[in-house]
Amino acid sequence: MNKQIIIAANWKMNPSSLQESNELINNILESSNQTNNKIIICPPFTFIYPLSQYIKNSNIYLGAQDCYTKISGAFTGETSISMLSSLGCSYILVGHSERRTIFNETNKKINKKINLVINEGLNCILCIGENKNEYEKGMNKEICSIQLTECLLNINENDLDKIIIAYEPVWAIGTGLNATPEIAEDVHSYIRYWISNKYSEDIAKKMCILYGGSVNPDNINNILQKDNINGVLVGGASLDSNKFNKLINFKYNN
Ligand code: PGA
């Protein structure tokens with residue numbers, strides 16, 4: 001297999017100081033230039049600028065974990081897409097399950113953000129996925145379908161190349177319980193089918209669909225063996241440079 005693999009990191013609200021953030025990126029930089037995989041790192045807002053200085057001459061892309069739904073104005077505490085863009089971010093995570101559950105983000109709000117990110121010329125990583133209860137009821141594809149329908153409302157086919165989809169079953173995030181590669185592949189192939197149905201087969205083929213949820217160096221190989229999985233979105237293991245360096249240097253054996 002020689003598909004382009006994306007390894008994206010979501011640092012969430014970590015690490016706890018600028019010094020630790022600098023140390024982490026330095027350790028990652030040492031091995032990032034040995035890989036052809038595409039690396040995207042989404043640090044907290046506060047560390048984006050210093051990180052951008054470290055990665056200037058590297059192959060690492062910078063992302064943000066969120067953005068606001070307005071371009072500018074009196075919105076105390078919020079961060080606009082143009083601010084993020086001016087710091088060198090080319091990706092924005094949208095609709096992460098922690099934003100959905102802890103901060104009550106709806107599909108409608110996520111759709112607004114996706115439209116804005118695209119209009120501002122950046123790329124989105126749209127996170128979707130069912131919770132434990134929904135999974136146990138066998139509703140994983142149904143939930144993904146609803147989230148895709150509402151989050152991609154009014155997004156036209158020319159813009160789909162600016163969107164990466166990350167399937168992250170909520171029950172697998174930060175729990176150590178990853179979906180088996182077979183479960184993930186089943187949902188990923190459904191997502192690709194959904195895209196081909198709504199847009200076109202050609203677009204569906206090109207769509208990058210990442211898996212996220214307790215990815216680590218021990219399970220990445222089996223996950224990325226699956227045809228419809230183009231990469232991974234990593235939380236916990238991206239904060240440990242030994243583990244993350246193994247992930248970014250992932251290679252197919254054949
Ligand atoms: P995890 O997080 O790898 O710690 O499960 C993934 C994510 O939330 O994107």
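A polar contact is a pair of N or O atoms within 3.5 Å; within protein, one must be able to donate a hydrogen and the other to accept it, and residues adjacent in sequence count only if both atoms are side-chain atoms. The model is predicted, so local features need pLDDT of at least 70 and side-chain atom pairs pLDDT 80 or more, while totals for chains, interfaces and linings use all residues. Residues are numbered from 1 along each chain as its sequence is written, and side-chain values use heavy atoms, without hydrogens and water.

**Exercise 1: the ligand**

Find which residues are closest to the ligand and how much of the ligand the protein covers.

*Solution.*
- Step 1: 13 residues surround the ligand, each with a heavy atom within 4 Å of it. The closest are Lys12, His96, Glu168, Gly174 and Ser214.
- Step 2: Look at the polar contacts. The side chain of Lys12 has an N or O atom 2.7 Å from an oxygen atom of the ligand. For the side chain of Glu168, the distance from such an atom to a ligand oxygen is 2.7 Å. Ser214 uses a backbone N or O atom, 2.7 Å from an oxygen atom of the ligand.
- Step 3: On its own, the ligand has 290 Å² of accessible area, and the protein covers 95% of that (Shrake-Rupley method, 1.4 Å probe).
- Step 4: Sort the shell: 4 residues are nonpolar, 7 polar and 2 charged. Here Ala, Val, Leu, Ile, Met, Phe, Trp, Tyr, Cys and Pro count as nonpolar, Asp, Glu, Lys and Arg as charged, and the others, Gly among them, as polar.

**Exercise 2: two helices**

Describe how H1 and H2 pack.

*Solution.*
- Step 1: Locate helix H1 at residues 18-32 and helix H2 at residues 45-54. Helices (H or I, at least four residues) and strands (E, at least two) are DSSP runs, numbered from the N terminus.
- Step 2: Their axes are 10 Å apart, at an angle of about 30 degrees. Axes are lines fitted to C-alpha atoms, for helices over the stretch in contact, and angles run from 0 to 180 degrees between N-to-C directions.
- Step 3: Name the partners in contact (heavy atoms within 4.5 Å): H1 brings residues including Ile25 and Leu29, and H2 residues including Phe47 and Leu51.
- Step 4: This contact holds 7 nonpolar, 3 polar and no charged residues.

**Exercise 3: unusual backbone**

Find what is special about the backbone at Pro15 and Asn154.

*Solution.*
- Step 1: Most residues other than glycine have a negative phi, and most peptide bonds are trans.
- Step 2: Asn14 and Pro15 are joined by a cis peptide bond, with omega about -15 degrees. Pro15 sits in the loop between strand S1 and H1.
- Step 3: Asn154 has a positive phi of about 65 degrees, in the loop between H7 and S6.
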